[in-house]
Amino acid sequence: MKRKLITISSAVALVVLLTTQAFAKELTVRGRLQRTVEAGGWVITSGNQKYLILNAQRFQNEKWFAEANEVEAEGETKSGVVTIYMEGTPFEVRTMRPLAESGSGANQNELRGLTKVLVTGDSIVQAQPDTAILTVSVVTQGRSALDAQQDNATKSDAVVRALKSAAGAGAEVKTSGYSLQPMRVYKEGQPPTITGYEARNSVTVTMSDLTKVGPVIDAAAQAGANDVAGIAFTLRKDRPARDQALAEATREALSKAQVIATALGGRVLRIVEVQEEGVERPRPMYTDQVQMRTMAAQTPIEVGSLDITSRVQLIAEIEAGPR
């Protein structure tokens with residue numbers, strides 16, 4: 001009887017051993033690390049398969065142990081182990097190492113010596129203006145409002161005709177302002193006294209032929225205009241200049257990133273992000289108030305250049321040399 005019990009015990013032990021071996025399987029897994037819904041749980045995702053790491057705490061102090069990094073792990077699957085959510089095949093890892101040549105996690109960048117730099121590029125492009133904007137006014141005074149208005153109307157009509165003739169068919173001539181106001185004299189202790197009226201009619205001329213600016217001023221003066229608010233030179237067709245400024249600012253930013261990479265003994269791998277911080281359109285260039293001339297001498301007008309500025313900010317990923 002005792003010998004029979006020993007035989008039965010040996011058989012049970014053999015069955016348990018065989019069952020354990022059936023549930024355990026040696027395996028080498030290559031995949032990407034991911035967190036799981038299990039408390040403190042990690043899995044290795046390999047294709048459509050997930051392997052739940054049963055002893056993840058053993059590797060969590062390693063720098064390369066981070067989400068999205070690729071690893072190679074050797075160990076045994078434990079099909080008989082039951083977890084709360086059963087997310088993946090239970091896997092007891094014996095050894096694990098990072099695959100430094102792949103992966104996109106933050107710590108993989110450290111393994112490859114990758115870093116990011118933020119650089120800014122600025123540029124200034126000079127361009128010749130293509131448009132002139134001139135505003136002239138006829139200012140008349142009279143003892144009554146009607147006298148000032150009628151005198152102004154007569155002179156303004158002559159000025160407009162002179163402007164259209166001198167500026168040419170391609171110019172735009174339009175009224176930009178009109179006012180009729182009383183002229184007052186103020187004396188201490190007395191109410192102001194109206195001594196007359198002043199009428200002002202302003203006309204704006206926009207022209208693309210900048211060589212005609214001086215002759216237009218002279219024609220307006222001879223016709224009766226007696227005030228010039230100033231001249232603005234601007235650039236209507238500014239797209240080529242803005243594109244040039246933007247391209248130069250981008251090249252400068254990229255050049256800075258390459259200089260930094262070279263100083264670190266590495267190279268620029270890729271541009272992560274580019275942001276245009278703004279292109280400043282050419283501001284109108286104003287001249288001082290022009291004195292009206294009634295003499296035969298022409299009014300000299302010198303046209304300068306306009307500045308178009310651009311700024312670009314980019315983030316570049318560089319691979320530094322050995323540290």
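Which residue meets Asp 122 in a salt bridge? In this predicted model, the partner is Arg 311, with an N to O distance of 2.5 Å. The pair links distant parts of the chain, since Arg 311 sits in strand β13 (residues 306-319) and Asp 122 in strand β6 (residues 114-127), 189 residues apart. Both ends of the bridge can be found part-way to the surface: Arg 311 is partly exposed at 38% relative accessibility, and Asp 122 is partly exposed at 32%.

This bridge belongs to a wider set, as a search of the whole structure finds 15 salt bridges. Side chains of opposite charge can pair when their charged atoms come close. Another bridge joins Lys 50 and Glu 87, whose closest N and O atoms are 3.4 Å apart. Here Lys 50 lies in strand β3 and Glu 87 in the loop between β4 and β5, so the pair ties together parts that are 37 residues apart in sequence. The two partners fall into separate accessibility classes: Lys 50 is partly exposed, with a relative accessible area of 33%, whereas Glu 87 counts as buried because its value of 19% is under the 20% cut-off.

A further bridge is found within helix α3, where the side chains of Asp 151 and Lys 155 meet at 3.8 Å, N to O. These two residues are four apart in the helix, so about one helical turn separates them. Asp 151 is partly exposed at 29% relative accessibility, and Lys 155 is partly exposed at 35%. Elsewhere, salt bridges that share partners join Arg 30, Glu 72 and Arg 97 into one network.

Helix α3 itself covers residues 145-167. At 1.5 Å a residue, its 23 residues should span 33 Å, and the 32 Å between its end C-alpha atoms agrees with that expectation. The charged pair described above is partly exposed, while other positions of α3 are buried, namely Ala 148, Asn 152, Ser 156, Val 159, Ala 162, Leu 163 and Ala 167. These buried residues pack against three strands and a helix: β7 (131-142), β8 (172-185), β9 (193-207) and α4 (213-223). Just after α3 comes Gly 168, which takes a positive phi of about 95°.

A positive phi also appears at a residue that is not a glycine. Most residues other than glycine have a negative phi. Ala 68, however, has a positive phi of about 85°. This alanine lies in the loop between β3 (49-53) and β4, and at 22% relative accessibility Ala 68 counts as partly exposed.

Aromatic and nonpolar side chains complete the picture. The count of aromatic pairs comes to three, and ring pairs link Trp 42, Trp 64 and Phe 65 into a cluster. On the surface, Val 37, Ile 84 and Tyr 85 form a nonpolar patch, with about 380 Å² of accessible area together. Within this patch, Ile 84 is located in the loop between β4 (70-78) and β5 (89-98). Ile 84 is exposed, because its relative accessible area of 74% is over the 50% cut-off. The loop that holds Ile 84 also carries Glu 87, the partner of Lys 50 described above.

Key:
Residues numbered from 1 in each chain as written. Predicted model: local features only at pLDDT ≥ 70, side-chain atom pairs only at ≥ 80, totals over all residues. Heavy atoms only, no water. Patch = residues over 30% accessible without salt bridge, like charges linked within 9 Å, V, L, I, M, F, W, Y side chains within 5 Å. Areas by Shrake-Rupley, 256 points an atom, 1.4 Å probe, with all protein chains shown as cover. Salt bridge = Lys/Arg side-chain N within 4 Å of Asp/Glu carboxyl O. Buried < 20%, exposed > 50% of the residue type's maximum accessible area, 1.4 Å probe, protein only. Expected span 1.5 Å × (residues − 1). Contact = heavy atoms within 4.5 Å. Phe/Tyr/Trp six-rings, centres within 6.5 Å; stacked < 30°, edge-to-face > 60°.
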